[in-house]
Amino acid sequence: MSVRHAPRPAPDEIDAVFAGTLGSFRLDIAFRIPGSGITAVFGPSGSGKTTILRCIAGLQRLAGRCLIGSETWQDDGNGMFREPHERRVGYVFQEASLFPHLSVRGNLRYAARRAGVAPVLGFAAVVEMLGLGLLLERAPAALSGGERQRVAVGRALLSQPRLLLLDEPLSALDQGAREEIISYFEVLHRELSIPMLYVSHDLAEVARLADHLVVIAGGGKLADGPVGEILERLDLHPTAERFEAGVVLDARVAAHDPRYHLSRLRHHGGVITVPLVEAEVGEAVRLRIRARDVALATRRPRAISIRNVLPGTVVEVSEQPNSAYAEALVDIGGGRLRARITREAAADLGLRTGTRVYALVKSISFEHAARH
Amino acid sequence: MSAALWPPILLTLQLASVTTVILLAVGTPIAWWLARSPHRWKEAVAAVVALPLVLPPTVLGFYLLIALGPSGPGGWLAGLFGGRSLAFTFTGLVIGSVCYSMPFVVQPIRDAFEAVGDRPFDVAATLRASPWDRFWSVAVPLARPGFVSGAVLGFAHTVGEFGVVLMIGGNIPSRTRVLSVAVYEFVETLQWREAHLLAGGMLLFAFLVILAMRLLERRSVRWRP
């Protein structure tokens, strides 16, 4: 990765390159993101998300570069490094970080007084936008978790940031408070032009808020791009497991069929046909089958385009309360599949533990077992 | 109350007040450095600051006597102001008391700075507060319980010192005869009534200080978020 000869990003782009070691953890990452909207930095715990934000804020120093549009915050090529208080950055920490010795108003004024630039966002506007009016005279200790995070966001905004960094701002909150704060983020997203970098390990959150996505794991970047594009591709990756229920099956390549561009895979329950895989016959592969790609039938369907019809037995049916859906776990002889069906279908077919069914698998993703 | 009681009381209060102010001014940067610096020798420095906790006061007083005397740096300093020595002077007592009471001020302030943690400083830095600004707007207010404990302990400890004072200050009425020395003097000269009054007063004072400290500690627990 070249630090020295990189072209300057487009006027509103954010360009970050960091490499270095912290204890036994190594971060090596480079990404360039749009200078507006919300970019999510997504990855499992311990993958380096927070470190990236700390480096951008200047709270931590690793070798690299950090360009925010026309502003240079760090450029090791020129030996340039701005101290954190010389960067127009807003930082909302994971847990409430309000100054306990100041009231809500005091916390907000602390930021406003030190902003150093003519305010684009006024005190009253921020208080209004985040609904802080009734909280102003309260002490941080007297606020709920959600209220504290709202104040922390308001305080960061009043420092008139060029870039807003949000480090898992919902992780310390209960479900109700999360929902409330998310809706405030949606307001900010709509009304402000400040770019935001939003760290999260929750794909549902990312899918809801972000325009752009940087996926990281183990201190490196896996993918980045517009959120829709990346979410599709995430289905290929185990980091998405929390987002899409499914199962993983281990199988071996039994044969290739070059004529139809197919491969036959053998697993304990039988043979599965998939589009041609790049693996030798006999090699182990790992399949990922998402619950929403599995349908169930109580009789073997005939004249159907779906190739993978696997006989099995229902192990368990779990209905999801307050939704249209139920999930059935089906034993296909040595392996299990999850099927996401409607509760109505489960009732019509009379599915219960022990029912003989045929699992119809619409689509399969796979990766080499060796990669795990 | 006998007129002989007042000079040592006033002198003691004066000595303890001056000493406490100097201790806060000198001890705070030391406590800050000990709390925040990653320097690997800092525990050695902390040990030097803490020496008076372990050393017999007479040993500390002996070294101070040499340092403050005509052939030590104290004597050289006194020479600048037309004196010969800092030993047996009020200034000498203040210097001795500062050394002696230093750990009682530095330790609580250091603990308080450490209890603040990094987070508030990171927050302040991202809100454009310079390091100096962060110290005054975040560190000092958040470490306030430590400052209060340090000041009370430093003051009380200075009031109670005896060995060091006797070694470097002697027993000169209205100049170096402080409370603890006066009690000793009254007992030696069999003035039991005066000795009782001073000793009883000290007992009450010590009780009130310790009680105040306990109450402050309980308040400061609530202070933490």
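Modeller: Before we start, contact here means heavy atoms within 4.5 Å. This is a predicted model, where local features need pLDDT of at least 70, side-chain atom pairs count only at pLDDT 80 or more, and totals for chains, interfaces and linings use all residues. Residues are numbered from 1 along each chain as its sequence is written, chains are lettered from A in the order in which they are written, and side-chain values use heavy atoms, with hydrogens and water left out.

Colleague: Great, thanks. Which residues does A:A217 touch?

Modeller: Leaving aside residues up to four places away in sequence, A:A217 touches A:P44, A:S47 and A:L222.

Colleague: And where is A:A217 found?

Modeller: A:A217 is in strand β10 of chain A, residues 212-217. Helices (H or I, at least four residues) and strands (E, at least two) are DSSP runs, numbered from the N terminus.

Colleague: Is A:A217 buried or exposed?

Modeller: A:A217 counts as partly exposed because its relative accessibility is 25%. Buried means under 20% relative accessible area, exposed over 50%, and partly exposed in between, with a 1.4 Å probe and protein chains only.

Colleague: What separates the C-alpha atoms of A:A217 and A:V314?

Modeller: Those C-alpha atoms are 36 Å apart, and the two residues are 97 residues apart along the chain. A:V314 also turns up among the residues that A:T355 touches.

Colleague: OK, so where does A:T355 lie?

Modeller: A:T355 is in the loop between α8 (343-348) and β20 (356-361) of chain A. Not counting residues up to four places away in sequence, A:T355 touches A:T298, A:G312, A:T313, A:V314 and A:G350. A polar atom of the A:T355 side chain also lies 2.7 Å from the backbone oxygen of A:R352.

Colleague: Why does A:T355 count as buried?

Modeller: Because A:T355 has a relative accessibility of 14%.

Colleague: Switching topic: how many helices and strands does chain A have?

Modeller: Chain A has eight helices and 21 strands, while chain B comes to eleven helices and zero strands. Buried residues make up 50% of the 372 residues in chain A and 46% of the 225 residues in chain B.

Colleague: What box do the C-alpha atoms of chain B fill?

Modeller: Taken along the principal axes, the box is roughly 65 × 40 × 30 Å.

Colleague: Now the interface. How many residues of each chain are in contact?

Modeller: 24 residues of chain A are in contact with 20 residues of chain B. The two chains bury about 1900 Å² between them, 64% of it on carbon and sulfur atoms. Buried area is the accessible area (1.4 Å probe) that two parts lose on being put together, summed over both.

Colleague: Which three residues supply more of the area that chain A buries than any other three?

Modeller: A:H85, A:H101 and A:R114, which supply 34% of the area that chain A buries against chain B.

Colleague: How many salt bridges are there between the chains?

Modeller: The count is three. A salt bridge is a side-chain nitrogen of Lys or Arg within 4 Å of a carboxyl oxygen of Asp or Glu. One of them joins A:E95 and B:R119, with the closest N and O atoms 2.9 Å apart.

Colleague: Last one: which elements of chain A each supply at least two residues of the side that touches chain B?

Modeller: Those are α1 (49-57), β7 (89-92), α2 (104-114) and α4 (145-158). The largest share, three residues, comes from α2(A).

Methods
A polar contact is a pair of N or O atoms within 3.5 Å; within protein, one must be able to donate a hydrogen and the other to accept it, and residues adjacent in sequence count only if both atoms are side-chain atoms.
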